[in-house]
Amino acid sequence: MIANYGYKDGSGDYYISIDTDLCIECTAGRECLKACPKQMFEIMTDDYDDEVACVKAVNRRSLAYDCAGCKPAAGYSSLPCASACTPGAIKHSW
């Protein structure tokens, strides 16, 4: 299942999508939690009693600003959360 966290406003769509099937199979040891400089991720138990990563509620309405420091314009070639995670498990819409 793909879980989408974020919002849409007049300037665009700002979503972080987490593939929970890939997240469940995590071999990286939940490194996405440590990789995010803003500490925006947490582990939750889903409807099937699996532990998966999600974006904290407090950050869901400010992703465009919270993630700006990790975007290529800030000097990163790839997003730290996506690089630390199982390939393809975390994607950003913008």
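Student: Which residues do the ring pairs link into a cluster?

Tutor: In this predicted model, ring pairs link Tyr-7, Tyr-14 and Trp-94 into a cluster.

Student: How many aromatic pairs is that?

Tutor: The count comes to two aromatic pairs. Tyr-7 and Tyr-14 form a tilted one, at 5.3 Å centre to centre with 35 degrees between the planes. Tyr-14 and Trp-94 form an edge-to-face one, at 5.4 Å centre to centre and 75 degrees between the planes.

Student: Nice. Why does the Tyr-14 and Trp-94 pair tie together parts that are far along in sequence, and what is the separation?

Tutor: Tyr-14 lies in strand S2 and Trp-94 in the segment after S5, so the pair ties together parts that are 80 residues apart in sequence.

Student: Are these rings buried or exposed? Start with Tyr-7.

Tutor: Tyr-7 has a relative accessibility of 5%, so it counts as buried. Tyr-14 is buried too, with a relative accessible area of 12%. Trp-94 is at 30% relative accessibility and counts as partly exposed.

Student: What lies over the face of Trp-94?

Tutor: Lys-71 does, at 4.0 Å from the ring centre.

Student: Switching to the sheet: what is the strand order?

Tutor: The order is S1-S2-S5, and these three strands form an open sheet with antiparallel pairing. Strand S1 (2-9) and strand S5 (90-92) are the edge strands, each pairing on one side only. Neighbouring strands of the sheet are turned by 10 degrees against each other on average, with direction ignored.

Student: How many bridges join S1 to S2?

Tutor: Eight bridges join S1 to S2, and the two run antiparallel. A hairpin connects S1 to S2 through two residues. As one example of the pairing, Lys-8 has Asp-13 in S2 as its bridge partner.

Student: And over how many bridges do S2 and S5 pair?

Tutor: Strand S2, residues 12-19, pairs with S5 over three bridges, in the antiparallel sense. Ile-16 stands opposite His-92 in S5, and Ile-18 stands opposite Ile-90 in S5.

Student: Why is S2 largely enclosed by the rest of the structure?

Tutor: Because six of the eight residues of S2 are buried.

Student: Then what about Asp-13, buried or exposed?

Tutor: Partly exposed, with a relative accessible area of 37%. Asp-13 has its place in strand S2. Leaving aside neighbours within four places in sequence, Asp-13 is in contact with Tyr-7, Lys-8, Ser-93 and Trp-94. Two of the cluster's rings turn up again there, Tyr-7 and Trp-94.

Student: What separates the C-alpha atoms of Asp-13 and Met-40?

Tutor: Those C-alpha atoms are separated by 18 Å, and the two residues are 27 residues apart along the chain.

Student: Now the nonpolar core. Which residues touch the most other members of the largest one?

Tutor: Ile-16, Ile-18, Phe-41, Leu-63 and Ile-90 do, out of 24 residues in that core. The elements that give two or more residues to the core are S1, S2, strand S4 (51-55) and helix H3 (63-66). S4 gives the most, with four residues.

Student: Ile-16 came up twice. Which residues does it touch?

Tutor: Not counting residues up to four places away in sequence, Ile-16 touches Ala-3, Asn-4, Tyr-5, Met-40, Phe-41, Val-55, Leu-63, Cys-67, Ile-90, Lys-91, His-92 and Trp-94. That list includes Phe-41, Leu-63 and Ile-90, which are among the residues that touch the most other members of the core. His-92 is in the list as well, and it is the residue Ile-16 stands opposite in S5.

Student: Last one. Where is the place of Ile-43?

Tutor: Ile-43 is in strand S3, residues 41-45. Its relative accessible area is 33%, so Ile-43 is partly exposed.

Student: Which residues is Ile-43 in contact with?

Tutor: Arg-30, Leu-33, Glu-51, Val-52 and Ala-53, leaving aside neighbours within four places in sequence. The C-alpha atoms of Ile-43 and Arg-30 are separated by 8.7 Å, with their positions 13 residues apart along the chain counted as the sequence separation.

How values were computed
Residues are numbered from 1 along each chain as its sequence is written. This is a predicted model: local features need pLDDT of at least 70, side-chain atom pairs count only at pLDDT 80 or more; totals for chains, interfaces and linings use all residues. Side-chain values use heavy atoms; hydrogens and water are left out. Two strands pair if DSSP finds at least two bridges between them. Axes are lines fitted to C-alpha atoms, for helices over the stretch in contact, and angles run from 0 to 180 degrees between N-to-C directions. A nonpolar core is a set of buried Ala, Val, Leu, Ile, Met, Phe, Trp, Tyr and Cys residues joined through side-chain atoms within 4.5 Å. Buried means under 20% relative accessible area, exposed over 50%, partly exposed in between (1.4 Å probe, protein chains only). Contact means heavy atoms within 4.5 Å. Rings of Phe, Tyr and Trp (its six-membered ring) pair if their centres lie within 6.5 Å; planes under 30 degrees apart count as stacked, over 60 as edge-to-face and the rest as tilted. A charge sits over a ring if NZ of Lys or CZ of Arg is within 6 Å of the ring centre and within 35 degrees of the ring normal.
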